[in-house]
Amino acid sequence: MAAQAPTLQVPKDADLLQAQSDLWRHSLCYMTSTGLRCAIKLGIPTTIHHLGGVTSLLDLITALSIPPAKLPFLRRLMRMLVTTGVFAKADSGPEGTELFRLNALSSILVEGVDADEHHCQTSFVLAATSSHYLEASLGLAEWFKKDFGEGPPPSPFEEVHGAPLLDEKTASICPELDKLVIEGVEAHDNLGIGTIMRECHDLFKGLESLTDCCGGDGTTARAIAKAHPHLKCNVLDLPKVIEKAPAHDVINFVAGDMFHTIPPAQTVMLKLVLLHWDDEDCVKILAQCKKAIPSREEGGKIIIIEVLVDPSLGPVIYESQVLFDVVMMTVTKGGQRDENSWAEIFKKAGFSDYKIVKKLGARAVFEVYP
């Protein structure tokens with residue numbers, strides 16, 4: 001005889017109404033992402049910047065060459081994007097005109113600006129909201145049910161599309177996606193390097209040489225070399241990345257694979273690299289890093305800048321960390337990790353000790369010692 005299902009406790013009136021509102025929010029929050037994508041495709045952040053950073057809807061719709069009949073609909077889109085923190089309201093203009101302005105978030109979506117420490121994040125958003133990412137996410141339930149046998153399973157992205165992300169094969173899925181992902185990763189990784197250098201004063205002090213592993217076009221290495229002219233900097237990345245990197249008389253660009261060899265230096269830096277890989281691959285990468293540096297007594301160390309999952313950072317940052325973790329689970333074999341997970345990986349890779357130099361928002365700066 002089948003066991004009787006337990007009685008369901010129906011929430012009380014206030015809790016039930018709140019639950020319905022929460023259900024709307026969770027079920028419909030994809031509109032935040034697609035609304036943000038729409039704003040970028042229309043060029044709204046860049047247009048507001050060109051209009052002086054503050055604009056009325058009428059001026060905005062004129063500058064965007066959108067039919068005037070769409071103004072009420074644009075108002076509704078902007079209301080949502082203000083409510084979700086993408087844009088901000090400005091003080092009303094003449095006769096109570098509704099005004100919108102850039103905030104910190106929308107300012108990093110302004111395109112075509114050449115300024116120190118400005119790394120436009122539009123490619124990151126367009127990749128993350130692409131149909132390829134969404135299709136992989138929609139296949140999660142089927143992925144969980146499928147038995148892949150022994151060994152690590154492919155990511156849901158690879159299962160749906162037939163090739164992994166951030167791989168030589170990605171372009172075979174969609175060359176535009178491959179380009180967006182590479183540009184997005186570079187911009188995402190370079191964001192905040194100035195803050196790190198200001199907040200972690202001694203991070204590069206006394207170093208003679210550094211290899212920036214997966215350093216892309218060398219943006220971070222150039223910033224470090226500018227602040228520390230005595231420091232010899234290598235940038236290691238895949239050949240298809242290095243061949244597009246701008247020439248530089250100080251930075252030594254090396255085409256290669258971090259799983260096989262890393263250019264020797266006193267310090268190797270991994271900035272938002274390990275999140276793309278599972279624990280086993282992280283150990284392999286770190287083992288190569290360990291081979292590339294001298295002993296701790298000779299100043300050898302690994303600098304790792306990664307997300308450090310920690311609920312004590314507050315609900316907003318913590319939620320962004322766990323959301324990012326599930327995204328990485330969906331599109332790669334990697335993920336975000338807490339301190340215990342990082343400590344275990346460092347130990348397995350043969351390192352003797354580590355310290356957290358600084359926590360900066362969702363990220364942390366580690367020094368790991370051989």
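# A guided tour of the predicted model

The structure holds 0 disulfides, a disulfide being a pair of cysteine sulfur atoms within 2.5 Å. This is a predicted model, in which local features need pLDDT of at least 70 and side-chain atom pairs count only at pLDDT 80 or more, while totals for chains, interfaces and linings use all residues. Residues are numbered from 1 along each chain as its sequence is written, and side-chain values use heavy atoms, with hydrogens and water left out.

## Stop 1: two cysteines

Select Cys213 and Cys214. Cys213 is in no disulfide, and the nearest cysteine sulfur, that of Cys214, lies 4.8 Å away. Cys213 has a relative accessible area of 1% and is therefore buried; buried means under 20% relative accessible area, exposed over 50%, and partly exposed in between, with a 1.4 Å probe and protein chains only.

Next, select Cys282 together with Cys289. Cys282 is likewise in no disulfide, the sulfur of Cys289 being the nearest cysteine sulfur at 10 Å. Cys282 is also buried, with 0% relative accessibility.

## Stop 2: the second largest pocket

Rolling a probe the size of a water molecule over the atoms shows where empty space is left. On a 1 Å grid over the protein atoms alone, a cavity is a set of points where a 1.4 Å probe fits but cannot get out, whereas a pocket is an open set with protein on both sides within 12 Å along at least five of seven lines; lining residues have an atom within 4 Å of a point. Grid points are joined across faces, edges and corners, and a volume is the space filled by probe spheres set on the points.

The second largest pocket contains about 870 Å³ of space. To centre the view, select Leu165, Leu166, Asp167, Leu238 and Trp277, which are the closest to the pocket centre of the 35 residues that line it. What is the make-up of the lining by nonpolar, polar and charged residues? The lining of this pocket divides into 15 nonpolar, 7 polar and 13 charged residues. In this count Ala, Val, Leu, Ile, Met, Phe, Trp, Tyr, Cys and Pro are nonpolar, Asp, Glu, Lys and Arg are charged, and the others, Gly among them, are polar.

Now colour helix H12 (175–190), strand E5 (232–237) and helix H15 (239–242), each of which supplies at least two residues of the lining of the second largest pocket. Helices (H or I, at least four residues) and strands (E, at least two) are DSSP runs, numbered from the N terminus.

## Stop 3: helix H12

Stay on H12, which gives the most to the lining of the second largest pocket, with 6 residues. The expected span of a helix is 1.5 Å times one less than its number of residues. For the 16 residues of H12 this comes to 22 Å, which agrees with the 23 Å between its end C-alpha atoms. The buried residues of H12 are Leu177, Asp178, Leu180, Val181, Gly184, Ala187, His188, Asp189 and Asn190. Just after H12, select Gly192, which takes a positive phi of about 90°.

Continue to Ile196, which has its place in helix H13 (residues 193–199). Ile196 counts as buried, at 4% relative accessibility.

## Stop 4: salt bridges

The structure holds 12 salt bridges, a salt bridge being a side-chain nitrogen of Lys or Arg within 4 Å of a carboxyl oxygen of Asp or Glu.

Select Lys146 and Glu159, which form a salt bridge with the closest N and O atoms 2.7 Å apart. The pair links distant parts of the chain, 13 residues apart: Lys146 is in the loop between helix H9 (140–145) and helix H10 (156–161), and Glu159 is in helix H10. Lys146 is partly exposed at 43% relative accessibility, and Glu159 is partly exposed at 34%.

Move to strand E9 by selecting Lys359 and Asp310, a salt bridge whose closest N and O atoms are 3.0 Å apart. Lys359 is in strand E9 and Asp310 in the loop between E8 and helix H17 (315–331), 49 residues apart. Which partner is buried? Asp310 counts as buried, at 14% relative accessibility, whereas Lys359 is partly exposed, at 41%.

Finally, select Arg75, Lys89 and Glu98, which are linked in a network of salt bridges.

## Stop 5: an exposed residue

End at Glu280 in helix H16. Glu280 is exposed, with a relative accessible area of 52%. Adding Ala19 to the selection shows a C-alpha separation of 40 Å from Glu280, the two being 261 residues apart along the chain.
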